[in-house]
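Work through the exercises below with the sequence and the model at hand. Try each task before reading its solution.

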Amino acid sequence: KRAGVGVGTVSRMLNDSGYVAEETRKKIRNAMYELNYTPNELARNLYHKRTGIVAVLVPNVSNPFFAEFVDYVETELYASGFKMMLCNTAKTSNAELEYLDMLNRHIVDGVITGVHTLDVEEYGKIHKPIVALDRYLGEHIPTVAVDHEEGGRLAAEALIRSGCKKVLHFRGDTA
């Protein structure tokens, strides 16, 4: 009303879904400013069937590995136009399942999980975007994994280069 245009015209401008003359756009922007109006992001996302949020499940963010992991994930998600919802699962036994349920209820658009408490079958029931960290959850779920053998070799080489003179070789239970 304040801009002197119809609801459909405002909707087209806000959603960039059709032609709106530049003069009309100015009127709408001025009216939005005068009314201190901001679009309801949740309503817009529900209309488009997306939330713009990805849940990241970790056992506990106080673990330095997961703290750094979460920091990098958030940076990459933000650069791709997503927000991150951090989910610490160590507090209750069913937290992981509750967070996965958010994916089924369309509260989040996807899940990145670094948690390993649920049976693989639970993940198999979900047919929405999931990425697993260092755990195989099924052929339809991408996994980002660490090569522990190569990491161990590189760590041993670094230790040797740093001047360690004595290296113990372990075979089974004997040294």
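**Exercise 1.** Find which helix gives the largest share of the lining of the largest pocket.

*Solution.* The model is a predicted one.
Step 1. List the lining residues: K1, R2, A3, V5, G6, V7, V10, I28, A31, M32, L35 and Y37.
Step 2. Assign them to elements. Two elements give two or more residues to this lining, namely helix 1 (7-15) and helix 2 (22-35).
Step 3. Pick the main contributor. Helix 2 supplies 4 residues, the largest share.
Step 4. Sort the lining by class: 9 residues are nonpolar, 1 is polar and 2 are charged.
Step 5. Add the volume. The largest pocket holds about 230 Å³ of space.

**Exercise 2.** Describe how helix 1 and helix 2 are placed relative to each other, and state which residues make the contact.

*Solution.*
Step 1. Recall what is needed: the angle between the axes and the distance between the axes describe two packed helices.
Step 2. Read off both values. The axes of helix 1 and helix 2 cross at roughly 90° and come within 11 Å.
Step 3. Classify the angle. Angles of 65 to 115 degrees count as roughly perpendicular, so helix 1 is roughly perpendicular to helix 2.
Step 4. Name the residues in contact. Helix 1 uses T9, V10, M13 and L14, and helix 2 uses T24, R25, I28, R29 and M32.
Step 5. Sort them by class. The contact has 5 nonpolar, 2 polar and 2 charged residues.

**Exercise 3.** Work out the order of the strands in the open sheet of 5 strands, and follow the bridges from strand 1 to strand 5.

*Solution.*
Step 1. Write down the order. The strands of this open sheet are arranged 2-1-3-4-5, and the pairing is parallel.
Step 2. Find the edges. Strand 2 (83-88) and strand 5 (143-144) each pair on one side only, which makes them the edge strands.
Step 3. Start from strand 1 (residues 53-58). It runs parallel to strand 3 (residues 110-113) and is joined to it by 4 bridges. Here V56 is opposite I112 of strand 3.
Step 4. Place the helix that packs on the sheet. Helix 4 (residues 64-79) touches strand 1, strand 2, strand 3 and strand 4 (130-133), and its direction makes about 170° with that of strand 1.
Step 5. Move on to strand 4. Strand 3 and strand 4 run parallel and share 3 bridges, and T113 has A132 in strand 4 as its bridge partner.
Step 6. Finish at strand 5. Strand 4 and strand 5, also parallel, are joined by 2 bridges. A132 has T143 as its bridge partner in strand 5.

Note on methods:
Residues numbered from 1 in each chain as written. Predicted model: local features only at pLDDT ≥ 70, side-chain atom pairs only at ≥ 80, totals over all residues. Heavy atoms only, no water. 1 Å grid on protein atoms, 1.4 Å probe; cavity = no way out; pocket = protein on both sides within 12 Å on 5 of 7 lines; lining within 4 Å. Points joined across faces, edges and corners; volume = space filled by probe spheres on them. Nonpolar A, V, L, I, M, F, W, Y, C, P; charged D, E, K, R; others polar. Pairing = 2+ DSSP bridges. Contact = heavy atoms within 4.5 Å. Axes fitted to C-alpha atoms, helices over the stretch in contact; angles between N-to-C directions. Parallel < 35°, antiparallel > 145°, perpendicular 65-115°, else oblique.
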